[in-house]
Amino acid sequence: MTDYRPETLAIHAGVEPDPTTGAIMTPIYQTSTYVQAAPAEHQGYEYSRTDNPTRTALQAALAALEGGSYGLAFASGMAAIDAILRLLNPGDHTIVGDDVYGGTFRLFDQVLARYGLQFTYVDASDPANVRAALRPETKLIWVETPTNPLLKLTDIAAVADLAPDGVWVAVDNTFSSPMLQRPLDRSADIVVHSTTKYLGGHSDVVGGAVVVNDQGIYEELKFLQNAVGAVPGPQDCFLTLRGLKTLHLRMERHSENALQIARFLADHDAFAQVIYPGLESHPQHELASRQMRAPGGMISAIMAGGDAAARRFVSATRLFALAESLGGVESLIEHPYSMTHASTAESDIAVDPGLVRFSVGLEHIDDLIADLRTALKEV
Ligand code: P1T
């Protein structure tokens with residue numbers, strides 16, 4: 001299966017005809033438990049927190065898409081991130097990219113720091129900053145690339161190269177999806193996703209995933225998945241698995257639409273800065289071209305009129321729905337300062353109040369640009 005190209009994997013990976021009926025789609029095994037022939041004599045499934053066949057299919061598909069050996073599904077992206085951090089012990093140190101999803105910062109800063117984990121935030125777009133932050137207690141390097149919401153990139157191979165033995169590199173690949181980049185191929189140790197976003201793709205399910213190659217890390221994470229219990233239900237696994245089948249087509253169109261919209265915004269004087277890895281003005285455009293198959297569907301822009309203009313603009317669009325989240329078929333717009341990144345407001349990694357974030361969907365490009373043009377008249 002791993003010899004297939006990503007487009008074929010998206011459709012076939014992890015899914016076998018159901019052994020009892022031949023159903024081509026993995027059924028939703030809506031069961032909490034499994035009958036045993038004799039004590040501990042079963043068919044591989046004992047209890048659905050531990051394993052469920054619909055989840056097994058999703059996990060295999062996720063692993064194949066990321067080019068990894070093992071996949072694990074979680075109840076949300078945050079649950080997946082939390083499971084990875086539970087590999088660490090009190091006193092262990094993590095280097096974190098200085099632009100991350102607000103919920104990730106909140107988990108690190110307000111929950112895990114209380115258990116003695118230490119975090120240092122650095123601008124990981126320059127690997128030298130990561131190297132300079134290494135300490136004897138460093139166990140993990142944590143980056144999003146592109147980041148949420150500023151779309152900064154990290155050279156994954158360069159960071160993996162500088163990480164000493166025993167320091168894991170984890171990449172939150174939510175904004176790219178495995179169709180645009182596969183961090184394990186660039187020597188990262190751990191890939192994490194909010195599958196709520198591009199992988200699910202239809203704004204109808206919340207989920208998370210971790211993919212790794214190392215059997216030891218997998219076994220610890222598999223233990224934590226069961227011991228802590230933040231697992232997705234079979235219906236959610238089914239929806240995510242269904243979403244995966246069109247990931248390649250969706251990522252292509254997200255990227256095409258986003259490039260046109262980024263160019264439109266860059267030409268409009270309402271914006272002081274437009275940030276999109278596919279624009280030549282992006283400081284890491286060259287790295288984006290080298291590391292990503294396409295620049296993705298996310299755009300950020302800082303409004304010349306600051307906070308007030310940003311709030312007016314995001315309230316005035318119609319097709320671009322004002323909502324948190326991203327990666328679905330429909331276009332979304334939001335104001336990170338007051339919404340997704342409100343938890344960073346008082347911190348060193350606070351975002352600009354004039355920032356607006358677009359998740360460009362799959363609607364017709366002309367309708368999307370017309371919507372933005374109309375809304376901009378109200379700014
Ligand atoms: O929402 P959840 O499935 O728990 O995933 C958390 C998460 C993890 N990593 C990244 C890069 C994310 O963007 C997210 C969730 N982000 C949003 C809800 C948002 O609107 O940015």
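Domain bounds here come from an automatic or database domain assignment. The model is predicted.

Q: Which residue ranges does the domain assignment give for domain 1 and domain 2?
A: The assignment splits the chain into two named domains. Their centres, taken over C-alpha atoms, are separated by 25 Å. The ranges are 6-244 for domain 1 and 247-376 for domain 2.

Q: How many residues does each domain bring to the contact?
A: Contact is counted between heavy atoms within 4.5 Å. On that basis both domains contribute. Domain 1 gives 43 residues and domain 2 gives 41 residues.

Q: What area is buried between domain 1 and domain 2?
A: The size of an interface is often given as the accessible area lost when the parts come together. Between domain 1 and domain 2, carbon and sulfur atoms give 62% of that area. The total is about 3400 Å².

Q: Which three residues supply more of the area that domain 1 buries against domain 2 than any other three?
A: Together the trio accounts for 23% of the area that domain 1 buries. The residues are Leu-153, Leu-180 and Tyr-198.

Q: How many residue pairs are in polar contact between domain 1 and domain 2?
A: Salt bridges between the two domains number two. Polar contacts are counted with both residues at pLDDT 80 or more. That count is 19 residue pairs.

Q: Which helices each supply at least two residues of the side of domain 1 that touches domain 2?
A: The residues of this side divide into 21 nonpolar, 15 polar and seven charged. Three helices each supply at least two of its residues. They are H1 (6-12), H4 (102-111) and H8 (234-244).

Q: How far apart are the closest N and O atoms of Arg-290 and Asp-155?
A: A salt bridge needs a side-chain nitrogen of Lys or Arg within 4 Å of a carboxyl oxygen of Asp or Glu. Arg-290 and Asp-155 form one. Their closest N and O atoms are separated by 3.8 Å.

Q: Is Ser-300 buried or exposed?
A: Ser-300 sits in strand E9, residues 298-303. Beyond four places in sequence, its contacts include Leu-151, Val-274, Ile-275 and Leu-355. Buried means under 20% relative accessible area. Ser-300 has 0%, so it is buried.

Q: Which residue's backbone oxygen does the side chain of Ser-300 reach?
A: The distance is 2.5 Å. The partner lies in the loop between E4 and H6. The peptide bond leading into it from Asn-148 is cis, with omega near 10°. The residue is Pro-149.

Q: Which residue does a cis peptide bond join to Thr-145?
A: Omega of this bond is about -5°. The residue is placed in the loop between strand E4 (138-144) and helix H6 (156-162). It is Pro-146.

Q: Is Leu-65 buried or exposed?
A: Leu-65 belongs to helix H2, residues 53-65. Its contacts beyond four places in sequence include Leu-9, Met-179, Leu-244 and Leu-247. The cut-off for buried is under 20% relative accessible area. At 2%, Leu-65 therefore counts as buried.

Q: What phi does Ser-203 have?
A: Ser-203 lies in the loop between strand E6 (190-194) and strand E7 (208-212). Its relative accessible area is 47%, so Ser-203 is partly exposed. Phi is positive, in a residue other than glycine. The value is near 55°.

Q: What positive phi does Ser-325 have?
A: The loop between strand E10 (321-322) and strand E11 (332-334) holds Ser-325. At 26% relative accessibility, Ser-325 counts as partly exposed. Ser-325 is not a glycine, yet its phi is about 80°.

Conventions: Residues are numbered from 1 along each chain as its sequence is written. This is a predicted model: local features need pLDDT of at least 70, side-chain atom pairs count only at pLDDT 80 or more; totals for chains, interfaces and linings use all residues. Side-chain values use heavy atoms; hydrogens and water are left out. Helices (H or I, at least four residues) and strands (E, at least two) are DSSP runs, numbered from the N terminus. Buried means under 20% relative accessible area, exposed over 50%, partly exposed in between (1.4 Å probe, protein chains only). A polar contact is a pair of N or O atoms within 3.5 Å; within protein, one must be able to donate a hydrogen and the other to accept it, and residues adjacent in sequence count only if both atoms are side-chain atoms. Buried area is the accessible area (1.4 Å probe) that two parts lose on being put together, summed over both. Ala, Val, Leu, Ile, Met, Phe, Trp, Tyr, Cys and Pro count as nonpolar, Asp, Glu, Lys and Arg as charged, and the others, Gly among them, as polar.
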